[in-house]
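Biologist: I would like to go through a protein model with you. Could we take it question by question?

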Amino acid sequence: MAKVMKKRIFCGAVCEQIVYCAPEGAGQDYDSEKVWRSRFKDDAEREKFKTEIAQRRHYRKFQANFSAGDIFATLTFDDDNEVTDFDEARAIRAKWRRLIRKKYPEAVFFIYMGRGRSTHRIHFHMVSHGIPKDWIEKNWSYGRCVRAVVLRRNCRYDGADRGQDYQGLANYLFNHWTKEQGGQRYFATRNARKPEEERATEVHVRHTYSAQRPPRPPKGYRLTVAEGNQYGFLYGTAAGKGRLTEPGKCVTFCDKGGKNGEAVCGRRGKMPALLLGRYEQDLLRGVPGAAMGASGLAERRRAEKI
């Protein structure tokens, strides 16, 4: 008899719960002589399934690294620096990447390449954490930074408030890739975080989970969307403030002035014991805004005077 399994994946301020059925005998040794029935009708359907999996993995990684206050920028090329193929664009992307790493070595950023729908000219999209907006607009020397906006704290899709759930933006950027580009779909820095994935557990419920009756979200989260696919997977997304950082864990942050520093969480992971920065409203990676209090700011001021 098939088992109903549930797995939770925490990606920044979003928790994704996946419900699926594991067939009897799952996890046992693979029998090479047994004839297995494919779930796909043809190669095109298999490729579509792989693309959907890659898109969802990208969405989780995007959520794990970016939140409200980070920058989404569109970088274009002027007539003097226009590129005609993606090999040239890839070389310029490497130069731009090195410039950022030299100035902000702790920054996290993703870069996407694509063509305009009407102009068909190559351009870049970049989502970044730890890089000031003014610096991006000033130092992009290959053309114009036509848009550099701050990610919102409350996103609305189809009239519903989904909080810091940036699935629409993540999917839009993911679909910029075409076969003409070749290679990977996007560039991500090596210090990018990975989503926190829990081990799948068997659930025993009186009713069957569905998009109309999804699993209950964890404490501190609210359900924003529930959807299923043709392969029997149910995805439930819940938005919240994110998980607290573990006590004693050192996390890096970047304040509004672009200065990098560190914070060490105290007991229960609720209060940073030390903050190093120039502004009182520092952006801490992995620590919610409520974690900043008077004692942490006092410790920072004392450290700056030394």
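What follows is a set of short questions and answers on this predicted model.

Biologist: Let us begin with cysteines. How many disulfides does the structure hold?

Modeller: A disulfide is a covalent bond between the sulfur atoms of two cysteines. The cut-off for the two sulfurs is 2.5 Å. A search of the whole structure gives a count of zero.

Biologist: Take C11. Which cysteine has the closest sulfur, and why is there no bond?

Modeller: The gap between the two sulfurs is 7.9 Å. A disulfide needs them within 2.5 Å. The distance is therefore too far for a bond, and the closest cysteine is C15.

Biologist: Is C11 buried or exposed?

Modeller: Buried means under 20% relative accessible area. C11 has 2% relative accessibility. C145, at 15%, also falls under the cut-off. So C11 counts as buried.

Biologist: Now the aromatic rings. What kind of pair do F66 and F110 form?

Modeller: A pair of aromatic rings is described by the distance of the centres and the angle of the planes. By the pairing rule, the structure has 14 aromatic pairs. For F66 and F110 the centres are 4.9 Å apart and the planes meet at 80°. An angle over 60 degrees sets the class, so this pair is edge-to-face.

Biologist: How many residues apart in sequence are the parts that F66 and F110 tie together?

Modeller: F66 sits in the loop between α1 (43-65) and β3 (71-75). F110 belongs to strand β4, residues 108-115. Both F66 and F110 are buried. The pair therefore ties together parts whose separation in sequence is 44 residues.

Biologist: Which residues form one aromatic cluster?

Modeller: Phe, Tyr and Trp rings pair if their centres lie within 6.5 Å. One cluster includes three tryptophans, W96, W135 and W140. The full list is F77, W96, Y104, F124, W135, W140 and Y142.

Biologist: On to charges. What is the N to O distance between E197 and K7?

Modeller: The structure holds eight salt bridges. E197 and K7 form one of them through their side chains. E197 is in strand β10 and K7 in strand β1, 190 residues apart. Their N to O distance is 2.8 Å.

Biologist: Which residue forms a salt bridge with E16, at 2.6 Å?

Modeller: E16 lies in strand β2, and its partner in helix α1, so the pair ties together parts 44 residues apart in sequence. E16 has 0% relative accessibility and counts as buried. The partner is buried too, at 13%. That partner is R60.

Biologist: Are R115 and E180 buried or partly exposed?

Modeller: Their side chains meet in a salt bridge, 2.9 Å from N to O. R115 lies in strand β4 and E180 in the loop between α4 (167-174) and β9 (187-188), so the pair ties together parts 65 residues apart. The relative accessible area is 30% for R115 and 48% for E180. Both values lie between 20% and 50%, so R115 and E180 are partly exposed.

Biologist: Which residues are joined into one network by salt bridges that share partners?

Modeller: E16 and R60 form a salt bridge. R56 is found in helix α1 and is buried at 14% relative accessibility. Beyond its neighbours in sequence, R56 is in contact with E16, E227 and Y235. The network joins E16, R56 and R60.

Technical notes
Residues numbered from 1 in each chain as written. Predicted model: local features only at pLDDT ≥ 70, side-chain atom pairs only at ≥ 80, totals over all residues. Heavy atoms only, no water. Phe/Tyr/Trp six-rings, centres within 6.5 Å; stacked < 30°, edge-to-face > 60°. Helix = DSSP H or I, 4+ residues; strand = E, 2+ residues; numbered from the N terminus. Buried < 20%, exposed > 50% of the residue type's maximum accessible area, 1.4 Å probe, protein only. Contact = heavy atoms within 4.5 Å. Salt bridge = Lys/Arg side-chain N within 4 Å of Asp/Glu carboxyl O. Lists of a residue's contacts leave out its neighbours within four places in sequence.
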